Amino acid sequence: MRVPSLEEAATPPERMAELHCTESALFWLERHAESGTTHLWRCPAGDMAKAHCLSSEESVGSRVNQYGGGSHVPFDEGAAWVHQGDQSLRYWQGLDSNGAALETQTWYTPAQGSLGGLCADPLRQRIIAVEERCVSDTQQRLVAIDQTRQQVLAEGADFYGAPAISPNGALMAWVEWSLPDMPWHRSRLTLAAITRDGSLDIIDTFDFGAAVSQPTFTADNTLIAMSDHAGWWQPWRVTQGSLRCLSDAPFDHITTPWQLGERQHTWDHQGGLCLCVEQGAARLYHITPTQSDPVALNTGRVVSLAQASHGQYVLAQSAATTTQLIKLGEHGKPNEVLRGAAPIDNPPQPETLSIALGDGEQRVQGFLYPSQAAQDAPAPMIMRVHGGPTSACYPVYDPLIHYWVAQGFNVVDINPRGSGNFGRAYRQALHKQWGVLDTEDVETLTDALIAQGRICPQRCFIRGQSAGGFTVLNALASSKRFLAGTSLYGVTDALSLAQQTHRFESGYLDWLLGDETQKQQRSPMHTLAQSTHHVNVLLIQGELDKVVVPEQAHRLARQLEKSGGRAEVLIFDNESHGMQNPQNRMTMIRQELDFYRTLSP
């Protein structure tokens, strides 16, 4: 059995994102494995041999809401993108008659701000964008940008996202929401007519009493949007005075909208290409007015969808592959992998977990990847808690999981209550219950696996990033189930974070925790201080982190050491909220593995 190298384990599986296509070409973002930077790629339709990088000298990425998204869009014969560094809007003009690349221009550089959620308006030769301005008070607005000027289209809402323009250029739709809501709590859909001078004339604003996301137009200029007002993210045909559900399957049809510009459904005159998340795994379906047919493609996660007359395309991951760019087969033809690594030999095989909670009406969800090392007794466990907390894990190949199972660990990915992909009620369950239900869920799942004889009860470890780090630290404080844990840029002091965090999440902690007393009492800084047992924890942090400031990690470490626990702190000077540099990721994995092994009885 081949064991992945440390370098391979440090390579993120999400190599490609933000897929677009025109009638002549495909465009996508791709992370450079060695530098960790992200670049825009293009290839002519039907000729992957001519794929080339458009932004080789600069990294592409939006910083709107800190999480970005919608950082490029095809435009005319070229493409526009957001420069990661100064957030300027860059425009590549395409190729001349001899096939040589034309000049890349800078159209607009926001002063103390950022751009994202790009949308092309080819009829007027301009780009629509969400602009976030960091002046005396951070504000957002929708703007139109061309080579010579900037025009404000909409302002007044706290947040904007997902602008879309109809094929005939007459209509524009977008999503907006207000503090203290997050976009998956409650948001509004606005439809407007584009006037002769390029400004907007509002036709209607739709408030379904829940959340709406990813509006798009069909070829006949019909508006379709995803809404979860019926309990699941489902596609709805939106017209003045009426709504029609296009797929009432009781599954989420998109993922939680943490970023701008996500594209996970696409429509033509025959119907739609959509995903359904079933037991945490994303599957593709062709949806028509009369039926829903599964697509013959093995996926666990669907990142992005796009289509043109030359085909339907998907960025997806499976249990045996990192992200691949795939052209779906038509008329009996097989699917074609256009870009991405070949399937992995002997990958870890995820087992779906669904464990009853309390009276059995609710269940905690997850995936188990059994150890690949020969052992006479149950193997130790590493449980991973995703961030958000309204994010999700998927049954897809992750080289880090492969590395750990080859080292003799069982790996469990958990989707505790509050996670996305299991319907609105599951996602909303954490309302004022963060630090309670998520802690219960990791304990319940661990106890169930111990009772089944699947894991070693004396060697249970837990790790989590950002919001997942909050759950990790509270689980360590709650009981002795876990021998040690790793918190990657995890929340330790919710009260302090609420006073320092960025605007996008400025009302989120109130929703998750409640008043200041609850924030203080459920913060790991408090729960660990109240713990009656010693705790072992590795704290990993970026010095440039503006979401969870590094001082929180240092302060917690000092507190744990005073109480007799063990706290190791690993700080990376060149990282922010997330570990992007490959060398840093290798260092992190090596130290984490050593930390677990030195503690194992």
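In the UniProt record, an unreviewed entry, the feature "domain: Peptidase S9 prolyl oligopeptidase catalytic" is placed at residues 401–597. The structure described here is a predicted model. Within the model, the span 401–597 is 47% helix and 18% strand, and the C-alpha atoms at its two ends lie 17 Å apart.

The largest nonpolar core was examined next. This core has 45 residues, of which Leu189, Trp434 and Leu512 touch the most other members. Helix H7, formed by residues 508–513, gives the most to the core, with 5 residues. Residues of the core come from both domain 1 (264–345) and domain 2 (356–599), so the core lies between these two domains. In soluble globular proteins, nonpolar side chains tend to be buried together.

The search for enclosed space found 2 cavities of 30 Å³ or more. The largest cavity holds about 40 Å³ of space. Its lining consists of Val385, His386, Pro389, Pro416, Arg417, Leu430, Asp438 and Thr471. By class, 4 of these lining residues are nonpolar, 2 are polar and 2 are charged. One of the lining residues, Pro389, is joined to Gly388 by a cis peptide bond, with omega at about 5 degrees. Pro389 is found in the loop that runs between strand S31 (379–385) and helix H2 (399–406).

For the second largest cavity, the space is also given as about 40 Å³. Ser487, Tyr489, Gly490, Thr492, Leu539, Ile540, Gln541 and Ala553 line this cavity. Strand S35, which covers residues 536–542, gives the most to the lining, with 3 residues. The lining of the second largest cavity divides into 4 nonpolar and 4 polar residues, with no charged residue. Thr492, one of the lining residues, was also placed relative to Val152: the two are 340 residues apart in sequence, and their C-alpha atoms are 40 Å apart in space. Val152 belongs to strand S12 (residues 150–155). The relative accessible area of Val152 is 35%, so this residue is partly exposed, a class that lies between the limits of 20% and 50%.

Backbone geometry was then considered. Most residues other than glycine have a negative phi, and most peptide bonds are trans. Besides the bond between Gly388 and Pro389, a cis peptide bond joins Leu179 and Pro180, where omega is about 10 degrees. Pro180 is located in the loop between strand S14 (171–177) and strand S15 (188–194).

Positive phi values were found at residues that are not glycine, among them Gln87, with a phi of about 65 degrees. Gln87 sits in the loop between strand S6 (78–82) and strand S7 (89–92). The relative accessibility of Gln87 is 0%, and this residue therefore counts as buried, the limit for that class being under 20%. Asn421 likewise is not a glycine and has a positive phi, of about 85 degrees. The loop that contains Asn421 lies between strand S32 (410–415) and helix H3 (424–428). Asn421 has a relative accessibility of 3% and so counts as buried.

Terms used: Residues numbered from 1 in each chain as written. Predicted model: local features only at pLDDT ≥ 70, side-chain atom pairs only at ≥ 80, totals over all residues. Heavy atoms only, no water. 1 Å grid on protein atoms, 1.4 Å probe; cavity = no way out; pocket = protein on both sides within 12 Å on 5 of 7 lines; lining within 4 Å. Points joined across faces, edges and corners; volume = space filled by probe spheres on them. Nonpolar A, V, L, I, M, F, W, Y, C, P; charged D, E, K, R; others polar. Helix = DSSP H or I, 4+ residues; strand = E, 2+ residues; numbered from the N terminus. UniProt positions renumbered as here; feature names shortened; annotations may be inferred. Core = buried A, V, L, I, M, F, W, Y, C linked by side-chain atoms within 4.5 Å. Buried < 20%, exposed > 50% of the residue type's maximum accessible area, 1.4 Å probe, protein only. Domains from an automatic or database assignment.
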